[in-house]
Amino acid sequence: MPMLLDRIEGVTLFVDEIDAAKAFYQKVFAPEVVYQDAVSTVLKFSGTMINLLDAAQAPQLVEPVAVSAPGSGARVLLTIKVHDVDSVCAELRKLGVTLLNGPIDRPWGRRTAAFADPSGHVWEVAQELR
């Protein structure tokens, strides 16, 4: 049987302040909390788990690769499919979330907008243009 690496179970985000990250994700996404302790919070996003991990705990998971320094630039873009980017952006603004860009129609047939969590991880909301 061939090896199938086609199902992402979880994504671990290295965060600078676990309490600020947890508050942000609970406010913006309202996910179910699956697990939490002093350095980690695992959130359920439909079929995928997002693990918020204190960046100080990250080296043991990625050694010998270094953990990027805070503010060193975007290294990931996580996209959430939505029906109406403009209405989602209005709700995000009500929550105090600042958009990095958008809403904008992209040449590849999507309308998108992006925002970042307190540690700089960039999230995008995207809708298919007809």
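Reader: What makes this an open sheet, and in which order do the strands stand?

Author: The order is β1-β4-β3-β2, with four strands and mixed pairing. At the two edges stand β1 (10-15) and β2 (32-36), and each has a single partner strand, so one side of each is left without a neighbour in the sheet. Keep in mind that you're looking at a predicted model. Direction ignored, neighbouring strands here are turned by 25° against each other on average.

Reader: How do you know that β1 and β4 pair?

Author: Two strands pair if there are at least two bridges between them. Between β1 and β4 (residues 48-54) there are six bridges, in the parallel sense. That clears the cut-off of at least two, so they count as a pair. One residue to look for is V15, whose bridge partner in β4 is D54.

Reader: What packs on this sheet?

Author: That's helix α1 (residues 18-28), which touches β1, β2, β3 (40-45) and β4. The direction of α1 makes about 150° with that of β4.

Reader: Why is the pair of F29 and W123 called tilted?

Author: Let's take the two values in turn. The ring centres are 4.9 Å apart, and rings pair if their centres lie within 6.5 Å, so F29 and W123 qualify as a pair. The planes make 50° with each other. Stacked needs under 30 degrees and edge-to-face needs over 60; 50° fits neither, so the pair is tilted.

Reader: Why does that pair tie together parts apart in sequence?

Author: F29 is in the loop between α1 and β2, while W123 is in strand β8 (residues 122-128), so the pair ties together parts that are 94 residues apart in sequence. This is one of eight aromatic pairs found in a search of the whole structure. Ring pairs also link F24, Y25, F29, F45, F115 and W123 into a cluster.

Reader: Is W123 buried or exposed, and how do you know?

Author: Buried means under 20% relative accessible area. W123 has 4%, so it's buried. The strand around W123 fits that picture: six of the seven residues of β8 are buried, so β8 is largely enclosed by the rest of the structure.

Reader: Which strand pairs with β8 in the parallel sense, and which runs antiparallel to it?

Author: The parallel one is β5 (residues 77-81), joined to β8 by five bridges. In that pairing, K81 stands opposite A126. The antiparallel one is β7, with seven bridges to β8. F115 has W123 as its bridge partner in β8. The hairpin of β7 and β8 has five residues between the strands, and there G120 takes a positive phi near 95°.

Reader: What makes D86 and R111 a salt bridge?

Author: The cut-off is a side-chain nitrogen of Lys or Arg within 4 Å of a carboxyl oxygen of Asp or Glu. For D86 and R111 the closest N and O atoms are 2.8 Å apart, so the pair passes. D86 lies in helix α3 (residues 85-94) and R111 in strand β7 (residues 110-116), so the pair ties together parts that are 25 residues apart in sequence.

Reader: Which residues are joined into one network by salt bridges that share partners?

Author: D105 also forms a salt bridge with R111, with the closest N and O atoms 2.8 Å apart. Through shared partners, D86, D105 and R111 become one network. R111 is buried, at 17% relative accessible area. D86, at 34%, counts as partly exposed, and D105, at 46%, is partly exposed too.

Reader: How do you know that the side chains of E91 and K94 meet in a salt bridge?

Author: Their N to O distance is 3.4 Å, and the cut-off is within 4 Å, so E91 and K94 count as a salt bridge. Both lie in helix α3, three residues apart, about one turn of the helix. The whole structure holds three salt bridges.

Reader: Why does K94 count as exposed, and what about E91?

Author: Exposed means over 50%, and partly exposed runs from there down to the buried limit of 20%. K94 has 67% relative accessibility, so it's exposed. E91 has a relative accessible area of 44%, so it's partly exposed.

Technical notes:
Residues are numbered from 1 along each chain as its sequence is written. This is a predicted model: local features need pLDDT of at least 70, side-chain atom pairs count only at pLDDT 80 or more; totals for chains, interfaces and linings use all residues. Side-chain values use heavy atoms; hydrogens and water are left out. Axes are lines fitted to C-alpha atoms, for helices over the stretch in contact, and angles run from 0 to 180 degrees between N-to-C directions. Contact means heavy atoms within 4.5 Å. Rings of Phe, Tyr and Trp (its six-membered ring) pair if their centres lie within 6.5 Å; planes under 30 degrees apart count as stacked, over 60 as edge-to-face and the rest as tilted. Buried means under 20% relative accessible area, exposed over 50%, partly exposed in between (1.4 Å probe, protein chains only).
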